[in-house]
Amino acid sequence: MGEEKRLSKRGWVTQSPEGDLLLVNDKGTAYKVSESVVAVWNIFEDKTVEEVVNEIASQVDVDINELREVVKQLTSQLQDAELLA
């Protein structure tokens with residue numbers, strides 16, 4: 001299944017002059033993101049979506065099924081933005 005693919009973060013995090021957090025891919029395209037997005041992105045180091053979900057679930061009190069859906073959606077967006085590979 002696609003969820004079993006191991007992913008690692010690509011690009012880097014920086015701040016805009018206004019103080020907004022930005023994730024920048026290897027092509028130099030920047031995306032304005034929240035601290036939560038950066039926190040999830042930082043967890044991806046040769047990990048599957050399920051491993052990331054379990055790691056987050058161990059740190060916060062949330063429904064794991066809801067968390068899984070959110071992380072899957074975010075993962076897809078980060079892959080589309082070339083910030084995960």
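T75 has a relative accessibility of just 3%, so it counts as buried, the cut-off being under 20%. Keep in mind as you look around that this is a predicted model. T75 belongs to helix α3, and its side chain comes to 2.7 Å from the backbone oxygen of V71. If you skip the neighbours within four places in sequence, T75 touches L7, F44, V49 and L84.

Now step back to the helix itself. α3 runs over residues 64-80, which makes 17 residues. From first C-alpha to last it reaches 24 Å, close to the 24 Å expected at 1.5 Å a residue. T75 has company on the inside: L67, R68, V71, L74 and L78 of α3 are buried along with it. Look down the axis of α3 and these buried residues fall within an arc of 135°, so they line one face of the helix. The general rule behind this sort of pattern is that an α-helix has 3.6 residues a turn, so residues three or four places apart point the same way. Turn to the face pointing away from the buried side and you'll find the exposed residues E66, Q73, Q77 and D80.

What sits over that buried face? The cover includes two strands, β1 (7-8) and β3 (21-24), along with two helices, α1 (35-43) and α2 (49-57).

The ends of α3 are worth a glance too. At its start, a side-chain oxygen of D63 comes to within 2.9 Å of the backbone nitrogen of N65. Past the other end, the helix is followed by E82, which has a positive phi, near 60°.

Next, the largest pocket, which holds about 170 Å³ of space. Its lining is made up of S36, V37, A39, V40, I43, I56, Q59, V60, L67, V70, V71 and L74. The elements that give two or more residues to that lining are α1 and α3, with α1 supplying the largest share, five residues. Some names are back from the helix tour: L67, V71 and L74 are buried residues of α3 and also line this pocket.

Finally, hop over to A30, which lies in strand β4 (residues 30-33). A30 has a relative accessible area of 44%, so it is partly exposed, the class between the 20% and 50% cut-offs. Beyond its neighbours within four places in sequence, A30 is in contact with L22, L23 and V24. R6 is another matter: it lies 24 residues away along the chain, and the two C-alpha atoms are separated by 23 Å.

How values were computed. Residues are numbered from 1 along each chain as its sequence is written. This is a predicted model: local features need pLDDT of at least 70, side-chain atom pairs count only at pLDDT 80 or more; totals for chains, interfaces and linings use all residues. Side-chain values use heavy atoms; hydrogens and water are left out. Helices (H or I, at least four residues) and strands (E, at least two) are DSSP runs, numbered from the N terminus. Buried means under 20% relative accessible area, exposed over 50%, partly exposed in between (1.4 Å probe, protein chains only). Contact means heavy atoms within 4.5 Å. The expected span of a helix is 1.5 Å times one less than its number of residues. The arc is that of the directions from the helix axis to the C-beta atoms. A polar contact is a pair of N or O atoms within 3.5 Å; within protein, one must be able to donate a hydrogen and the other to accept it, and residues adjacent in sequence count only if both atoms are side-chain atoms. On a 1 Å grid over the protein atoms alone, a cavity is a set of points where a 1.4 Å probe fits but cannot get out, and a pocket is an open set with protein on both sides within 12 Å along at least five of seven lines; lining residues have an atom within 4 Å of a point. Grid points are joined across faces, edges and corners, and a volume is the space filled by probe spheres set on the points.
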